[in-house]
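Subject: Structure for you to look at

Hi,

Here is the structure I promised you. Have it open while you read, and click along as we go.

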Amino acid sequence: MRKITLSNGKTVEVECLSCALTSGLLEPDGGVIFETEHFHAHQDVAYPIEGLVILASKRHIKCLDELTDEERLDYINTLTKIRKAQREILGIDYVYYFYNEDTTHHFHTWLVPRYKWMNEFGKSVESVRPVLLNARNQRNTNENHQKVMSAIEALKNGLI
Ligand SMILES: [Zn+2]
């Protein structure tokens, strides 16, 4: 078991945070954005970036090549659907995607929207971590939190 401190300050002990979230044991702040048979989309509100969505598999696997044919199809279709909603509902022109396989959580992909303020951290993959840290440490205001929650609601409504 691992102890994880959530964005609301609560501490939980879970084997795998992704399992806890996708099974409904833990309710992500803002709730479930979208769910399919094999995948679960939510936002990590610890990073107050509008439209930052995390898409996690429901099955406890680590690597892309562990997806079954059916899961793979569901994955790309769901990823595309969320991407389209980010564009049409939130006006997001570009998204950076990343996932790493050597994580303590299971398979999940981050869809990180690009906003103008992020350009000061450069472009390309090396800018992603500084952007996330800046969001968490400098942009964690009530105002931003409200914007994030509104974006979650808008995505939810658009993805029904
Ligand atoms: Zn898991």
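Before we start, one definition: four donor atoms around a metal count as tetrahedral if all the angles lie between 85 and 135 degrees. Also keep in mind that this is a predicted model.

**The zinc site**

So which atoms hold the zinc ion? The donors are SG of Cys16, SG of Cys19, ND1 of His60 and ND1 of His106, at 2.0 to 2.3 Å. Now use the definition: the angles between these four donor atoms run from 104 to 119°, and every angle has to lie between 85 and 135 degrees, so the arrangement is tetrahedral.

Along the sequence, the donor residues follow the spacing C-x2-C-x40-H-x45-H. One pair of donors shows how the site links distant parts of the chain: Cys19 sits in helix H1 (residues 17-22), while His60 is in the loop between strand S5 (53-57) and helix H2 (69-90), 41 residues apart.

Are these donors buried or exposed? Cys16 is buried, because its relative accessibility is 3% and buried means under 20%. Cys19 has a relative accessible area of 28%, so Cys19 is partly exposed. His60 is partly exposed too, with a value of 44%. As for disulfides, the structure has zero.

**Helix H2**

Next, find H2. This helix has 22 residues, and the distance from its first C-alpha to its last is 31 Å, close to the 32 Å expected at 1.5 Å a residue.

Which residues of H2 are buried? They are Glu71, Asp74, Tyr75, Thr78, Leu79, Ile82, Arg83, Ala85 and Gln86. Around the axis they cover an arc of only 160°, which means that they lie on the same side of H2. Turn the helix over, and on the face away from that buried side you will find the exposed residues Asp69, Leu73 and Glu88.

What do the buried residues of H2 pack against? Their partners are strand S3 (34-35), strand S4 (39-42), S5, strand S6 (95-98), strand S7 (108-113) and helix H4 (142-158). Just after H2 comes Gly91, whose phi is positive, at about 70°.

**Helix H4**

You can read H4 in the same way. Its 17 residues should span 24 Å at 1.5 Å a residue, and its end C-alpha atoms are indeed 24 Å apart.

The buried residues here are Asn144, Val148, Ala151, Ile152, Leu155 and Lys156. Their arc around the axis is only 135°, so they are on the same side of H4. On the other side, Asn142, Glu143, Gln146 and Asn157 are exposed. The cover over the buried residues of H4 includes S5 and H2.

Take a closer look at Asn144, which is part of H4. Asn144 has a relative accessibility of 14%, so this residue counts as buried. Leaving out residues up to four places away in sequence, Asn144 touches Pro48 and Arg139.

**Three loop residues**

Now for some loops. Asp65 is in the loop between S5 and H2, and Asp65 is exposed, at 68% relative accessible area. From Asp65 to Ile152 is 87 residues in sequence and 30 Å in space, C-alpha to C-alpha.

Leu25 lies in the loop between H1 and S3. With 65% relative accessibility, Leu25 counts as exposed, because exposed means over 50%. Even so, Leu25 touches Val14 and Ala20, again not counting residues up to four places away in sequence. Leu25 and Lys147 are 122 residues apart along the chain, and 26 Å separates their C-alpha atoms.

Last, try Ser124, in the loop between S7 and helix H3 (128-138). What is worth checking about its phi? The angle is near 75°, a positive value in a residue other than glycine. Most residues other than glycine have a negative phi. Ser124 counts as partly exposed, at 40% relative accessibility.

**Where to click**

If you only have a few minutes, try these stops:

- The zinc ion, with Cys16, Cys19, His60 and His106 around it.
- H2, with the exposed residues Asp69, Leu73 and Glu88 on the face turned away from its buried side.
- H4, with Asn142, Glu143, Gln146 and Asn157 exposed on the side away from its buried residues.
- Ser124, with its positive phi.

Have fun with it!

Conventions:
Residues are numbered from 1 along each chain as its sequence is written. This is a predicted model: local features need pLDDT of at least 70, side-chain atom pairs count only at pLDDT 80 or more; totals for chains, interfaces and linings use all residues. Side-chain values use heavy atoms; hydrogens and water are left out. A disulfide is a pair of cysteine sulfur atoms within 2.5 Å. Buried means under 20% relative accessible area, exposed over 50%, partly exposed in between (1.4 Å probe, protein chains only). Donors are N, O and S atoms within 2.8 Å of the metal (3.2 Å for Na, K and Ca); water is not among the atoms, so sites may look incomplete. Four donors count as tetrahedral if all angles lie between 85 and 135 degrees; four count as square planar and six as octahedral if opposite donors are over 155 degrees apart and all others between 65 and 115; anything else is irregular. Helices (H or I, at least four residues) and strands (E, at least two) are DSSP runs, numbered from the N terminus. The expected span of a helix is 1.5 Å times one less than its number of residues. The arc is that of the directions from the helix axis to the C-beta atoms. Contact means heavy atoms within 4.5 Å.
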